[in-house]
Amino acid sequence: MLIVALDPPLNVDAEKWVTQRYEALRDIVKGFKIGLPAIVKHGTNWLSKLFGVYDGLAIADLKLADIGDVMALTAAILRNVGFNAIIAHAFVGYEKGIDVLAKICEKEGIKLILVVSMSHEGSKEFIDRHIDEFIDIAERVGSWGVVAPATRPNVIQFIRSKVGSKIKIVSPGVGVQGAEPGTALCAGADYEIVGRAITYSDLGKVREIAYALLESQKKRLSLCRG
Ligand code: BMP
């Protein structure tokens with residue numbers, strides 16, 4: 001239940017860095033998330049070499065937050081290079097926003113993942129005050145998943161209690177941001193997103209560290225689920 005965030009550091013060849021880690025991990029994780037650092041640096045075309053033939057989750061994390069028509073254009077471009085899931089902010093609202101994006105996602109076969117809460121403290125300032133409304137939007141458009149923080153398991157529990165098993169919960173914050181592996185899964189998440197705790201180690205150790213993390217997830221899950 002592990003998705004790896006591939007956010008290359010500044011001083012590297014981002015394309016090479018991402019490709020090496022993708023190759024090292026592709027058979028042991030459920031998917032990858034590529035965000036702005038790699039895409040701003042190199043665009044998207046090179047990613048079709050990776051995701052054109054990949055059958056796991058290939059998540060484009062541009063955290064879209066625009067009018068619906070412009071998010072829809074972006075989603076179609078991302079689909080063309082092989083992404084099969086995209087993340088957007090729920091806060092843009094339903095009408096002519098998320099409703100339009102959700103329609104193109106359905107048409108193009110893209111999984112839509114809406115941000116309803118974030119892992120950093122600042123999420124409490126504005127975003128978390130509206131979690132209920134964001135969950136309503138996710139349910140209304142039949143979103144495949146939502147993003148919720150491993151750093152605040154009570155938020156995950158709350159979301160799970162509201163959405164039942166209809167919506168996947170994808171949870172960042174494990175590792176460098178402080179949450180222990182398995183915490184979010186125990187609270188009700190379906191996937192934990194882990195970046196730097198795995199990817200910023202030596203390339204030769206990346207696989208070993210991912211395995212160890214998967215083991216820690218299993219251990220914690222067996223403790224909390226019995
Ligand atoms: P790391 O494990 O290195 O902290 O990476 C977490 C990843 O999850 C990053 O790619 C970040 O953009 C993403 N993320 C997050 O940390 N918190 C959120 O609330 C939403 C995210 O997408």
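This passage describes the two largest pockets of a predicted model and the ligand placed in one of them.

The largest pocket has a volume of about 550 Å³. Its lining is made up of 25 residues, and those nearest the centre of the pocket are Ala5, Asp7, Lys33, Pro172 and Gln177. Five elements each supply at least two residues of this lining: the strands β2 (31-35), β3 (57-64) and β8 (191-194), together with the helices α2 (36-42) and α9 (196-199). Among the contributors, α9 gives the most to the lining of the largest pocket, with 3 residues. By class, the lining of the largest pocket comprises 13 nonpolar, 7 polar and 5 charged residues.

The ligand sits in this largest pocket. Two or more residues of the shell around the ligand come from each of β3 and β8, and both of these strands also supply at least two residues of the lining of the largest pocket. The shell consists of 15 residues, of which Asp7, Lys33, Lys63, Ser119 and Arg196 come nearest to the ligand. Asp7 and Lys33 are also among the residues that lie nearest the centre of the largest pocket. In terms of residue class, the shell around the ligand holds 7 nonpolar, 3 polar and 5 charged residues.

Polar side-chain atoms of three residues can be placed relative to individual atoms of the ligand. For Asp7, a polar side-chain atom lies 2.6 Å from an oxygen atom of the ligand. The side chain of Asp61 has an N or O atom at 3.3 Å from an oxygen atom of the ligand. In the case of Ser119, the partner is a nitrogen atom of the ligand, with a polar side-chain atom of the serine 2.7 Å away. On its own, the ligand has 470 Å² of accessible area, and the protein covers 89% of that area.

The second largest pocket contains about 180 Å³ of space. It is lined by 14 residues, with Ala102, Lys103, Glu106, Val141 and Gly142 lying nearest its centre. Two elements, the helix α5 (94-108) and the strand β5 (111-115), give two or more residues to this lining. The largest share, 6 residues, comes from α5. Sorted by class, the residues lining the second largest pocket are 7 nonpolar, 2 polar and 5 charged.

Conventions
Residues numbered from 1 in each chain as written. Predicted model: local features only at pLDDT ≥ 70, side-chain atom pairs only at ≥ 80, totals over all residues. Heavy atoms only, no water. 1 Å grid on protein atoms, 1.4 Å probe; cavity = no way out; pocket = protein on both sides within 12 Å on 5 of 7 lines; lining within 4 Å. Points joined across faces, edges and corners; volume = space filled by probe spheres on them. Helix = DSSP H or I, 4+ residues; strand = E, 2+ residues; numbered from the N terminus. Nonpolar A, V, L, I, M, F, W, Y, C, P; charged D, E, K, R; others polar. Near = heavy atom within 4 Å. Polar contact = N/O pair within 3.5 Å; in protein donor to acceptor, adjacent residues only side chain to side chain. Areas by Shrake-Rupley, 256 points an atom, 1.4 Å probe, with all protein chains shown as cover. Sits in = over half its atoms within 2 Å of the grid points.
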